[in-house]
Amino acid sequence: MPGATLLTQQLNNFIRSLREQGILDFHFEELKELESDTPCLVVEAITMFLRDADFSIAELLRILGAPLINYTRVTEIAFQLKGSSSSVGGCRMAQACCELRDASEAYSKERYKTVLLPSPSWL
């Protein structure tokens, strides 16, 4: 099927681009390799990650917008989000979660801004 071949090539090019940008790492490739034994594994893993990440980010924004920040809870969420993003190869998000956790452990609301606001290196 020529259309499927083209779509597969486009997907592979997109994944390569994400690796070159430092968004994905080797863990994504490991996940893809497991798919031969478990069809749809990547789709299911990414879907679960996105659902959980969406919930975690919404909770982080709610906590960080409160007058008094629950730093312990921010640390917990950052730790969980780091683990789930690492498991799907999301190395850039995992790094941001480490920085968020460090800011939380330092009780630094100002450091949150440097972690959460986009920087030129992320564009």
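Welcome to this structure, and let's start with one residue: Asp102 is partly exposed, with 34% relative accessible area. Asp102 shares a salt bridge with Arg101, with N and O 3.9 Å apart, and Asp102 is also among the H5 residues that meet helix H6. Please keep in mind that this is a predicted model. The protein chain holds six helices and zero strands, and the points below walk through the chain as a whole, a pair of helices, the loop between them and the salt bridges.

**The chain as a whole**

- Starting at the N terminus, the order of elements reads α-α-α-α-α-α.
- The C-alpha trace spans about 60 × 30 × 20 Å along its principal axes.
- The protein chain has 123 residues, and 32% of them count as buried.
- The accessible surface of the chain is about 8300 Å², and carbon and sulfur atoms supply 63% of that surface.
- Among contacts in the chain with a separation of 6 or more, 50% are between residues 24 or more positions apart.

**Helices H5 and H6**

- Two packed helices are described by the angle between their axes and the distance between the axes.
- Here, helix H5 covers residues 91–105 and helix H6 covers residues 109–116; they pack at about 170°, and their axes lie 8 Å apart.
- An angle over 145 degrees counts as roughly antiparallel, so H5 and H6 are roughly antiparallel to each other.
- On the H5 side, the contact is made by Ala96, Glu99, Leu100, Asp102, Ala103 and Ser104.
- On the H6 side, their partners are Arg111, Tyr112, Val115 and Leu116.
- Sorted by character, the residues of this H5 and H6 contact are six nonpolar, one polar and three charged.

**The loop between H5 and H6**

- Tyr107 is found in the loop that lies between H5 and H6.
- Most residues other than glycine have a negative phi.
- Tyr107 is not a glycine, yet its phi is positive, at about 55°.
- Tyr107 is exposed, and its relative accessible area is 59%.

**Salt bridges**

- Side chains of opposite charge can pair when their charged atoms come close.
- Searching the whole structure turns up seven salt bridges.
- One of the residues to look for is Glu29, which forms a salt bridge with Arg19, where the closest N and O atoms are 2.6 Å apart.
- This pair joins distant parts of the chain, because Glu29 sits in helix H2 (residues 26–34) and Arg19 in helix H1 (residues 2–20), with the two 10 residues apart.
- Glu29 also forms a salt bridge with Lys32, and here the closest N and O atoms are 4.0 Å apart.
- Glu29 and Lys32 both belong to helix H2, where they are three residues apart, or about one turn of the helix.
- Glu29 is partly exposed, with 24% relative accessible area.
- Its two partners are partly exposed as well: Arg19 has a relative accessibility of 35%, and Lys32 has one of 29%.
- Elsewhere, a network of salt bridges links Glu59, Arg62, Arg73 and Glu76.

Definitions and conventions
Residues numbered from 1 in each chain as written. Predicted model: local features only at pLDDT ≥ 70, side-chain atom pairs only at ≥ 80, totals over all residues. Heavy atoms only, no water. Axes fitted to C-alpha atoms, helices over the stretch in contact; angles between N-to-C directions. Helix = DSSP H or I, 4+ residues; strand = E, 2+ residues; numbered from the N terminus. Parallel < 35°, antiparallel > 145°, perpendicular 65-115°, else oblique. Contact = heavy atoms within 4.5 Å. Nonpolar A, V, L, I, M, F, W, Y, C, P; charged D, E, K, R; others polar. Salt bridge = Lys/Arg side-chain N within 4 Å of Asp/Glu carboxyl O. Buried < 20%, exposed > 50% of the residue type's maximum accessible area, 1.4 Å probe, protein only. Areas by Shrake-Rupley, 256 points an atom, 1.4 Å probe, with all protein chains shown as cover.
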